[in-house]
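User: I would like to go through a structure with you. Could you show it first?

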Amino acid sequence: MIWSGVLIYWANDVYEIRIGNLVLFNFFPEWFYKLFNLPYRLSEGMAYHFVFMWLFFINGALYVIYTLVSGEWKYLIPQKNSLAESLQVIRHNLGLIKTLPPQTKYNGAQRIAYTMIVIMGLGSILTGLAIYKPVQLQWLTNLCGGYEAARAEHFFLTIGYVLFFFVHLFQVIRAGWNNFRAMVTGYEIESSKEEPK
Amino acid sequence: MKKTEIPESDLPKYSRRTWIAMIQLVLYSGLGYAGWRWLRKQPPDGGILGGIPEPLRKGLEANENLFTRYYDQHRLVKEYPQSKAARDVRVNGNIGQDASFATEPSWSLTVQKTNSEILDIKLAEIQRLPKTEVIFNFKCIEGWSQISWWGGVRLSDFLKAFSLEKESTFKYIGMSTPDTEYTVGIDMLSALHPQTILAYEMNRQPLVLEHGAPLRLIIPVKYGYKSLKQIGTIYFDNEKPADYWAVRGYDYYAGL
């Protein structure tokens, strides 16, 4: 979805980050488009985007339904102490403190991240529909603050996924093989015996 | 998190489960990749819908069916006050536009009736009909939009005025430039939308060549590439009429 989305975005690539007149970063520099062979593929991008949106939507809906039905949501939604806990996790990751706060399946930072990503997904669906059918779903477009605002929101949510992806990837690599295996199988086996030292 | 004690004798069972899960991971990734390769290799439809693999086109057509069902003739495109209309209106293409057809007498509108009769209509006959103005946010498929102000005759009024009621029962209306280079096909429901007009004015001034002089389509319920400039011919069909951008991979429906 991100790939086809960038093929579409290329045709009118207006967003940038700036302070006053100082442009810090423009989405996207020429080398970026060249590197991934993105220019002049608007029609192709739209075709993929508006077909694959169904697969991603169904996949997301099944995930949410599963977490609700299985009770897994209890491990995923943030709790009162999640924010404080996630600050501790960040400090731990930066090497500032040695110990991680006690956690159940996911720590506070994960709870916040995994819940945010579901809300962002819903946001992408709504802002996407608002730019896809701004006449038939005009109420939704208005709710997003108008057509152009909805386009910007749709874009920056996507930047959010990319940031999430890199942090996620980095953390999975950091956590190591045992954790990755647990991600795939759904369980983790620990030895109850003292390991000989 | 739930923790269960498992006896050592069960460890091989878990080892097997782990292997199965890992093999599944590789298998599903492989299947996904193979499906992707298959899709990329599918040829486009050979007819008037081209440019993209056939399965994707089928997908766009499924979307078209779904949103045609949801489409409502009474949902109007938001209109703006005159003060919001752009003075400097963006020009985004000149395909099929010819200075020699921008004025009469070389230009006149050809309407092909379904009984093979042909109407030859002068601009003055169109301007005599009741005028409708629309000031709306014109949306280009490229992603930009601009508020612009158009004046002309409602297409549905035009069809009535020239006794084209029978033609209006066809599924599609087709239009092309005088040189037939640029073409659009539009579903009849969208064509009969109350804000769909045959425009001869922009910002209360007669159209100039770059904006489709002397007569162009303005159809706010579609992306801009359906708003054909410099209309030469109008015709009616139950099959999808040829469409310049659809054959180049764009969505045929393009409904907003």
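Analyst: The notes below cover confidence, the chain contact and the nonpolar cores.

User: What kind of model is this, and how are things numbered?
Analyst: It is a predicted model, in which local features need pLDDT of at least 70, side-chain atom pairs count only at pLDDT 80 or more, and totals for chains, interfaces and linings use all residues. Residues are numbered from 1 along each chain as its sequence is written, while chains are lettered from A and ligands numbered from 1 in the order in which they are written.

User: What pLDDT does chain A average?
Analyst: The average for chain A is 86, and 96% of the residues score at least 70; pLDDT is the predictor's confidence in each residue, from 0 to 100.

User: Where is confidence lowest in chain A?
Analyst: In chain A, the lowest confidence is in helix H9 (residues 177-185), with a mean of 80, and the highest is in helix H7 (residues 138-143), at 95. Helices (H or I, at least four residues) and strands (E, at least two) are DSSP runs, numbered from the N terminus.

User: New topic: how many residues does each chain give to the contact?
Analyst: Chain B gives 32 residues and chain A gives 26 residues. Two residues are in contact if their C-beta atoms, placed from the backbone, lie within 7 Å.

User: Which elements of chain B take part?
Analyst: Helix H1 (11-41), helix H2 (54-70) and strand S3 (132-139) of chain B each give two or more residues to the side that touches chain A.

User: Which residues does Leu198(B) contact?
Analyst: Leaving aside neighbours within four places in sequence, Leu198(B) is in contact with residues including Ile126(B), Phe158(B) and Leu217(B).
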